[in-house]
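This report introduces selected features of a structure to a reader who has not met it before. Please consult the sequence and the structure shown below while reading.

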Amino acid sequence: MMGNQGGGQEQLFYSFSLDDHVPRDHLLRGIDRFLDLGELRQHLAGFYSHTGRPSIDPELMIRMLVIGYSFGIRSERRLCEEVHLNLAYRWFCRLDLNAQIPDHSTFSKNRHGRFRQSDAFRHVFEAVLRRCMREGLVAGEGFAIDASVIKADASRARGVPAGQDMKWSEGEAPSRAVREYLASLDVANPAEDDEQAAGPPGGGNPPRTISPTDPAARWTAAPGGPAFFAYSTNYLIDLQAGIVVDVEATPANKTDEVESTRTMVQRVEERFALKPKRLVGDTAYGAAPMLHWIVNEKKIEPHIPVWEKSQRDDGTFSRSDFRFDEQAAVYECPGGKRLTTSGRPTSEATVIFRASNHDCGGCSLKQRCCPNTPNRKIARSIYEEARDVARTVCTTPAYEQSRKERKKVEMLFAHLKRILKLDRLRLRGLSGAHDEFLLAAAAQNLRRMAKWLTPKAEIGKLIPV
Ligand code: SF4
C-alpha cells in the first residue's frame, strides 16, 4: 500500500550544515585534504581585473576545475550545473546553499583569458606535486617517461593540404590557436629563413594535412583507424607510487615527444632538485643522441632499449657480426679483416668504417656480406658508447624490473582516457592542450594521494584511482 507523504511544511526554518551531508568516504574529502591553494591568490594578484566584468575567485575556479578533471566532467556548462546541484561539489568549492555559481560563459571567459596568461595551472600542478613529495610519495630514484596521443578539438573533415596557401586573417580575427601557431612559426622560421620551406614549429617531418581551426595539432595516423588531429601528453612519473612529476604537451609526433624528455628532466631537477638514478622508457627514447644526453650529460642510467637500425633480415651479416676493437678503433669482420675509418662524422652523427676493396674482392664470404657493393661499410654512431651502456643495462635483472614498472605510466594514460574521459581536448592550441594536461595530471596525483593516504578505515570505500 502506498502512503501519503504527510502534511505541509512543519518547519519554517532549518539548520543545515553542508559538511554533515558529504559522506565521510567521499573521494572529494580525500582530495580536499591534500589540495592547498593558499599561494594561488598571491601568484595571481597581477591578473585581477578591477574594471569590467567581475572576476571569478581564482580558488573557486581551480576547485571547480579540479572537480571537472577528477570526475570526468568535460563540459564547462555541465560543470557549472553540477556544482549548482551537487552538495559535495558545493562543499568542496566552499559555497553555501545560497552562494551563486558562476555563469558558464563567465567561467569560460575567465578560464580562457586571464588564467591562460598566468600559468596558474602549472602553479596548481606544482603545488600538488610538492604535497606528494612532502607526503613521501616521490622517492626520486627511478623515473619513467612515455607519451599518449589525445584527439584535438579539430574536425578531421575540415583538414586542408599543408602546402595550400592559408588565409589566416580573412574574415573574423584569427583565433587564439591560430595566433599562437603563427607566432610559433615565426620562432621556428625566422625572417632570414623565409625563402626556405617553413618547417613545423616543433620538429619532425612537415605534416601533410593541417587544421585551419587548430593548426598546431598534428595529423596523426592511428593504427587500424582513420587519421585525426591530435596532441600528445608526455608524462614523467616517479616509479615509487606512480606520481606524475612533470607533464608537457607537444604536437603528436615522435620527435617532439622524445625531445620533451630533456625539458621535463631538466625542469624537475631545477624546480624540485629531483634527479633520478635511472630513467625508464621504450624504444622510441633509445635513439643515440637521447641516450648520449641521458648517460653522458645527465649521468642517469638508461633503462631504455636501444633503437637499432643495423639489424639485417636478408641473410647477410648484420653489424653485430662485426667485432669492435676499442684499442685499435677498428671493426674486425667475420673474415678476420679490418674495417677502418677517416673519423669524419656524417650529417647523421655517424662515422663510416670501410673494408678495403682488395680484402672483400677475394673474400669467400662476400655473398653473405656485401653481395652488391665492392666492399663492406659499417656506420657507427658517434654516441656508440652511450648505446653500449644502454645495451649492458638491458641485460641486468634491474632492467627486467624496470620493464614491468613501465606499465605504471601506461596505466595512468588508460585511467586518463577511460575514467577522467580525457580522450578529446576541449581547448585549442598548444597552450590549451598544456592547460588540460596539467590539470588532468594534478587531478590524477590528488586522487592517488586521497587513495594512498586516507586512513585505513576509509580507504576501501573510496572510488578507486
Ligand atoms: S666481404 Fe669484406 S668485410 Fe665481408 S667478411 Fe669478407 S673481407 Fe670481411
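How many bridges join strand β11 to strand β12, and do the two strands run parallel or antiparallel? In this predicted model, strand β11 (residues 338-341) and strand β12 (residues 350-354) are antiparallel and are joined by two bridges. Strand β12 also pairs with strand β13 (residues 377-381), again in the antiparallel sense, through five bridges. One bridge from each pairing is set out in the table.

| Pairing | Residue | Bridge partner |
|---|---|---|
| β11 with β12 | Thr 341 | Phe 353 in β12 |
| β12 with β13 | Thr 350 | Ser 381 in β13 |

The surroundings of the ligand form a second topic. There are 13 residues around the ligand, and those that come nearest are Cys 333, Gly 335, Cys 360, Cys 363 and Cys 369. Two helices, α12 (357-361) and α13 (366-369), each contribute at least two residues to this shell. By character, the shell comprises eight nonpolar residues, four charged residues and one polar residue.

A further point of interest is Arg 63, which belongs to helix α3 (residues 58-70). Is Arg 63 buried or exposed? Arg 63 counts as buried because it has 22 C-beta neighbours inside 10 Å, where the threshold is 20 or more. Once neighbours within four places in sequence are left aside, Arg 63 is in contact with Phe 92 and Cys 93. Arg 90 stands 27 residues from Arg 63 along the chain, and the C-alpha atoms of these two residues are separated by 9.8 Å.

How values were computed: Residues are numbered from 1 along each chain as its sequence is written. This is a predicted model: local features need pLDDT of at least 70, side-chain atom pairs count only at pLDDT 80 or more; totals for chains, interfaces and linings use all residues. A residue is near a molecule or strand if its C-beta atom, placed from the backbone, lies within 6 Å of it. Helices (H or I, at least four residues) and strands (E, at least two) are DSSP runs, numbered from the N terminus. Ala, Val, Leu, Ile, Met, Phe, Trp, Tyr, Cys and Pro count as nonpolar, Asp, Glu, Lys and Arg as charged, and the others, Gly among them, as polar. Two strands pair if DSSP finds at least two bridges between them. A residue is buried if 20 or more other C-beta atoms lie within 10 Å of its own, exposed if 12 or fewer, and partly exposed in between; C-beta atoms are placed from the backbone. Two residues are in contact if their C-beta atoms, placed from the backbone, lie within 7 Å.
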